[in-house]
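Trainee: Could you take a close look at one part of this model with me, the surroundings of the bound molecules? I'd like one connected walk through them.

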Amino acid sequence: SSTEIQRLATLIRGARHMVAFTGAGASTESGLPDFRSSQGLWRRVPQHMASLAFLERHFDEFVAFYHQRIAALEGARPSRVHRILARWEAAGWLKAVITQNVDGLHQQAGSRRVLPLHGDLRTCRCQRCGRTQPSEAFLSHPYCGCGGRLRPNVVLFGEPLPAAVWEQARGEALRCDLMLVVGSSLEVYPAASLPELVARRAAAGEAVLAIVNRDPTPLDEEAGLVLRGLAGDVLERVDQELARLESNR
Ligand code: NAD
Ligand code: APR
């Protein structure tokens, strides 16, 4: 509603340290499917194909599955969502984007402080010598010059998140006074424990959790503001409201 749009624009202008927390819903307009909504990937493919166990036991099938996901990236371009968040960072309103996405679209849109909790599908690494290279290598020949097997640089289910990125993201969740969730079901842990942390800080009056999502999430009740709808539409309307408020200064 327009009052919610106005409320979010006012919160953004008044925020000391706003961070975004994005999920697959931030990239569906770029043509990349999400995971758990009605069109989600896990409705068609079993989620365990993105697990460490599957990589170890069924390497050829794992390679075929990730071939499709890497190939899908080639046609994907940043959407309104990625571009608006990059512009809000350049304007000084947004300090960091914590993302569960592995598509690199925030970086391509120009966001500078991006914390990719689940890694980066655009690069792969050798499981033996650790050398990193573009994912095209994984597509053509999933073996390293040293003889080791290559794998995508993404967090698989059952793996720990990269510690340095996790610590930085947790620091942002602890210091922000506004967290804007964009396009996440908030069902996967430990990623979702960051918006959860902000919800607890909000209960103590230290921060506000705002959620922009097409479907309900488990944190909606604890959020200070929930905008149900398509992220591109919502962020575009908030961006216009920000411009209007700025011009009336
Ligand atoms: P899990 O126990 O394997 O998840 C925890 C581990 O997976 C952690 O070690 C973490 O590093 C890793 N991980 C976390 N997020 C990841 C991600 N985005 N991509 C790849 N790996 C990731 O997995 P789980 O326990 O089966 O699921 C974790 C949460 O997700 C649970 O809260 C569960 O409710 C929820 N979940 C929801 C659905 C669904 O369809 N709604 C399906 C499976 C799990
Ligand atoms: N606008 C707003 N919300 C959207 C849009 C959109 N255009 N498209 C999808 N959504 C919402 C869906 O309603 C859904 O609730 O985005 C949410 C996406 O949730 P998931 O599919 O669970 O994706 P995500 O939250 O990123 O999943 C977390 O799970 O499988 C792992 O590694 C994977 O990083 C991913 C993690």
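Mentor: Sure, let's start with Asp 215, where a side-chain N or O atom sits 2.6 Å from an oxygen atom of ligand 2. Keep in mind as we go that this is a predicted model. Ser 185 does something similar, with an N or O atom of its side chain 2.6 Å from an oxygen atom of ligand 2. Then there's Asn 213, which places a polar side-chain atom 2.9 Å from an oxygen atom of ligand 2. As for burial, ligand 2 would expose 730 Å² if taken alone, and the protein buries 95% of that.

Now widen the view a bit. The shell around ligand 2 counts 22 residues, and the ones that come nearest are Phe 35, Ser 184, Ser 185, Asp 215 and Ala 231. Sorted by class, that shell holds eleven polar, seven nonpolar and four charged residues.

Ala 231 is a handy bridge to the next piece, since helix α9 covers residues 231-247 and packs with helix α4, residues 80-90. For a pair like this, you describe the packing by the angle between the axes and the distance between them. Here the angle is about 30° and the axes are 9 Å apart. The crossing of α4 past α9 is left-handed. On the α4 side, the contact is made by Arg 80, Val 81, Ile 84, Leu 85, Arg 87 and Trp 88. The α9 side brings in Ala 231, Gly 232, Asp 233, Leu 235, Glu 236, Val 238, Asp 239 and Leu 242. By class, that contact comes to eight nonpolar, five charged and one polar residue.

Back to the ligands. Around ligand 1 you'll find 14 residues, with His 118, Val 155, Glu 159, Glu 187 and Tyr 189 the closest. His 118 has a polar side-chain atom 2.7 Å from a nitrogen atom of ligand 1. Two backbone contacts are worth a look too: a polar backbone atom of Phe 157 is 3.2 Å from a nitrogen atom of ligand 1, and one of Gly 158 is 3.1 Å from an oxygen atom of that ligand. On its own, ligand 1 has 810 Å² of accessible area, and the protein covers 61% of it. Its shell divides into eight nonpolar, three polar and three charged residues.

Tyr 189 takes us to some backbone geometry. Most residues other than glycine have a negative phi, and most peptide bonds are trans. Tyr 189 and Pro 190, however, are joined by a cis peptide bond, with omega at about 5°. Pro 190 is in the loop between β7 (178-182) and α8 (193-203). Leu 186 lies in the loop between β7 and α8 as well, and Leu 186 has a positive phi of about 55° without being a glycine.

Notes. Residues are numbered from 1 along each chain as its sequence is written. Chains are lettered from A and ligands numbered from 1 in the order in which they are written. This is a predicted model: local features need pLDDT of at least 70, side-chain atom pairs count only at pLDDT 80 or more; totals for chains, interfaces and linings use all residues. Side-chain values use heavy atoms; hydrogens and water are left out. A residue is near a molecule or strand if one of its heavy atoms lies within 4 Å of it. A polar contact is a pair of N or O atoms within 3.5 Å; within protein, one must be able to donate a hydrogen and the other to accept it, and residues adjacent in sequence count only if both atoms are side-chain atoms. Accessible areas come from the Shrake-Rupley method with a 1.4 Å probe; for residues, only the protein chains shown count as cover. Ala, Val, Leu, Ile, Met, Phe, Trp, Tyr, Cys and Pro count as nonpolar, Asp, Glu, Lys and Arg as charged, and the others, Gly among them, as polar. Axes are lines fitted to C-alpha atoms, for helices over the stretch in contact, and angles run from 0 to 180 degrees between N-to-C directions. Helices (H or I, at least four residues) and strands (E, at least two) are DSSP runs, numbered from the N terminus. A crossing is left-handed if the near helix is turned anticlockwise from the far one by less than a right angle, and right-handed if clockwise. Contact means heavy atoms within 4.5 Å.
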